[in-house]
Amino acid sequence: MVAKEDVSREIENLDRAIAVSIQDLETQRAGVRERLGHDAADVFNWHIGVLKDVSQRRDIVGLIQEKCYSAPYATSTVMRKQQRRFLQMTDPLLAERIRDVQDIERRILRNLLGASGEDLAHLTREIILVAHDLSTSQAAMLPETKVAGVALDVGGPTSHTAILLRSWGHPAVVGLKCLTELVSGGDIVIIDAVNNTVIANPDAETIAEYVTRQEKIARITGELDHLRDLPAVTQDDVQVQLLANIEYPREADIGVAKGANGIGLYRTEFLFLREGEPDEEEQYQAYKAAIEGSDGRPVTFRTFDLGADKITQEKTVEPERNPMLGVRSIRYSLQRLDMFKVQLRAILRASVHGKVKLMFPLISGLMELRQAKMTVRDTMEDLEEEGIPFRGDIAVGMLMETPAAASQCRQFAREVAFVSIGTNDLIQYLLAADRGNERVSRYYSPAHPAVLRTLRDIIRTCAREGVECSLCGEMAGEPIYTLLLIGLGLRSFSMAPNNNTEIKKHVRGCTAVKAERVARRALTYDTDQQVLNYLRSETKKLLPEDPDY
Ligand code: PEP
Ligand code: MG
């Protein structure tokens with residue numbers, strides 16, 4: 001409580017704190033826009049919108065005036081009420097937004113109370129960030145900061161945030177459950193992203209051991225640079241394509257600079273993860289930029305994969321009980337044909353600027369695929385009638401990421417130009433283990449025999465049907481699976497650009513004949529642990545100098 005005569009001072013303090021918070025975010029947004037382009041920067045719009053919300057300020061000021069609350073207490077009261085409203089909706093989809101509101105509350109409080117905590121954007125020295133969770137906007141701004149590594153309590157290995165962290169290029173470990181309870185500010189921590197562990201307050205011997213390991217990894221990574229312009233070819237002359245996964249158009253040239261043969265997965269939905277849908281022109285400009293960035297190499301557009309852990313503002317209006325099994329991906333597109341067609345128009349218009357491929361996410365039935373293809377045809381007709389140029393021969397494919405599609409692979413292969421295996425989702429649906437939930441991450445195993453068999457069948461069927469088959473899940477960028485995947489017959493991998501040269505090294509270090517032997521043997525094991533141990537030892541034999549996988 002404050003004295004009556006201090007009320008106006010509290011309101012002034014509040015207004016100053018809100019203004020500084022907005023200014024901070026606008027500066028961060030400008031930095032991200034400069035580095036990653038408009039789409040990445042737009043994740044800050046929602047936060048800025050909440051800070052500028054007149055009714056929210058009115059509620060806070062009301063409490064200060066009527067109840068003589070201090071500005072920080074009034075702010076917390078109003079913002080906690082908002083958080084409770086999100087919580088009462090009992091929808092995990094809204095978790096992202098609750099974190100954002102908490103983030104905004106902390107920001108205002110920090111500016112009101114004189115910043116006892118440090119803002120990531122204003123760090124003056126390198127730190128390791130240990131947090132319970134990280135929102136998308138926070139993950140997107142990390143390249144702008146002095147954060148040198150991240151460790152989080154929550155998140156699965158292929159969760160949305162984990163994928164962003166991996167493309168950031170610094171060590172990050174997620175799903176550590178209660179790390180924030182065990183370490184505090186000022187502690188020394190080692191982030192071992194190779195073994196997915198964190199060591200808190202290590203002794204001198206452990207630090208020395210990790211310094212040596214770090215130097216070794218830096219040396220090996222530095223040595224990889226010379227592979228950028230060399231082909232990914234096995235020692236017995238089998239060519240492998242290494243493509244890049246991107247989330248924002250500006251990453252296309254980063255992928256190419258790292259030696260990618262093209263973009264195997266452009267996650268276009270990142271353009272939609274903000275308030276207000278991007279219109280056709282905005283999408284067209286973004287897609288054109290991605291095509292131009294890829295400098296003549298093919299770009300595979302995945303139509304927006306919204307829902308589940310990737311939500312728009314509009315979609316939260318109807319929370320679902322089980323969003324991973326709900327109206328996500330192509331299901332959402334087919335329910336929002338207006339929005340889907342706008343995106344298809346933008347992609348088709350952009351197709352005249354280079355080599356464009358198009359694929360649909362989460363296809364589970366043939367009728368769904370046919371409906372999506374029909375929508376492409378309708379859109380082409382509209383453009384034709386309007387005299388707008390586009391490439392009519394654009395290759396249309398699908399993500400193979402549901403067990404249903406995998407088991408009907410032959411039928412699907414006859415109706416698409418190419419297939420891209422989305423192991424991130426395929427594994428979660430095959431093994432019934434949520435990819436974003438650290439509590440079930442021990443069930444989420446790419447080495448599970450059921451996964452191996454499913455991959456073998458998809459790759460084999462595509463080869464028999466003469467349909468190009470790529471793999472764009474995180475597994476493609478993990479060296480421990482390179483031998484296995486080549487041995488299963490995979491010839492096209494799409495991964496975060498940073499993984500390109502390491503995977504290339506593994507491709508160039510093996511023979512396809514040896515890889516086939518490894519895959520055959522791996523398929524004989526009964527458990528994922530046996531498969532992993534075996535792949536680890538074979539990979540080690542191939543490249544004994546490398547760190548343990
Ligand atoms: C996948 O599911 O493997 C995939 C590549 O798509 P996303 O990770 O965006 O779901
Ligand atoms: Mg997927």
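Does Y534 count as buried or exposed, and at what relative accessibility? In this predicted model, Y534 counts as buried, at 9% relative accessibility, and the residue belongs to a group of buried positions in helix α23 that also includes V531, L532, L535, E538 and T539.

Helix α23 comprises 15 residues (528-542), which at 1.5 Å a residue should span 21 Å, and the end C-alpha atoms are indeed 21 Å apart, in agreement with that expectation. The buried residues of α23 fall within an arc of 165° when viewed down the helix axis, so they line one face of the helix. An α-helix has 3.6 residues a turn, so residues three or four places apart point the same way. The buried residues of α23 pack against four helices, namely α19 (449-465), α20 (482-487), α21 (500-509) and α22 (512-522).

Aromatic pairs number 10 in the structure. Y69 and Y73 form one of them, with an edge-to-face arrangement in which the centres are 4.7 Å apart and the planes are at 65°. Y69 is buried, with a relative accessible area of 16%, whereas Y73 counts as partly exposed at 48% relative accessibility. For Y525 and Y534, the ring centres lie 5.5 Å apart with the planes at 50°, so this pair is tilted. Y525 is buried, having a relative accessible area of 17%, and Y534 is buried as well, at 9%. Ring pairs further link F272, F304, Y332, F340 and F360 into a cluster.

Charged side chains also lie over aromatic rings. The charged end of R349 sits over the ring of Y284, at 4.1 Å from its centre, and the charged end of K357 sits over the ring of F418, at 4.6 Å from its centre.

The largest nonpolar core has 151 residues, and those with the most contacts inside it are Y287, F360, V419, I421 and I458. Helix α1 (residues 7-36) gives the most to this core, contributing nine residues. Apart from this core lies another, of seven residues, among them A151, L179, V189 and V198. F360, which is listed among the residues with the most contacts inside the largest core and is also a member of the aromatic cluster, touches T303, I330, F340, L369, A372, K373, V376, V396, G397, M398 and L399, when residues up to four places away in sequence are not counted. F340 thus appears both among the residues touched by F360 and in the cluster linked by ring pairs.

Note on methods
Residues are numbered from 1 along each chain as its sequence is written. Chains are lettered from A and ligands numbered from 1 in the order in which they are written. This is a predicted model: local features need pLDDT of at least 70, side-chain atom pairs count only at pLDDT 80 or more; totals for chains, interfaces and linings use all residues. Side-chain values use heavy atoms; hydrogens and water are left out. A nonpolar core is a set of buried Ala, Val, Leu, Ile, Met, Phe, Trp, Tyr and Cys residues joined through side-chain atoms within 4.5 Å. Buried means under 20% relative accessible area, exposed over 50%, partly exposed in between (1.4 Å probe, protein chains only). Helices (H or I, at least four residues) and strands (E, at least two) are DSSP runs, numbered from the N terminus. Contact means heavy atoms within 4.5 Å. The expected span of a helix is 1.5 Å times one less than its number of residues. The arc is that of the directions from the helix axis to the C-beta atoms. Rings of Phe, Tyr and Trp (its six-membered ring) pair if their centres lie within 6.5 Å; planes under 30 degrees apart count as stacked, over 60 as edge-to-face and the rest as tilted. A charge sits over a ring if NZ of Lys or CZ of Arg is within 6 Å of the ring centre and within 35 degrees of the ring normal.
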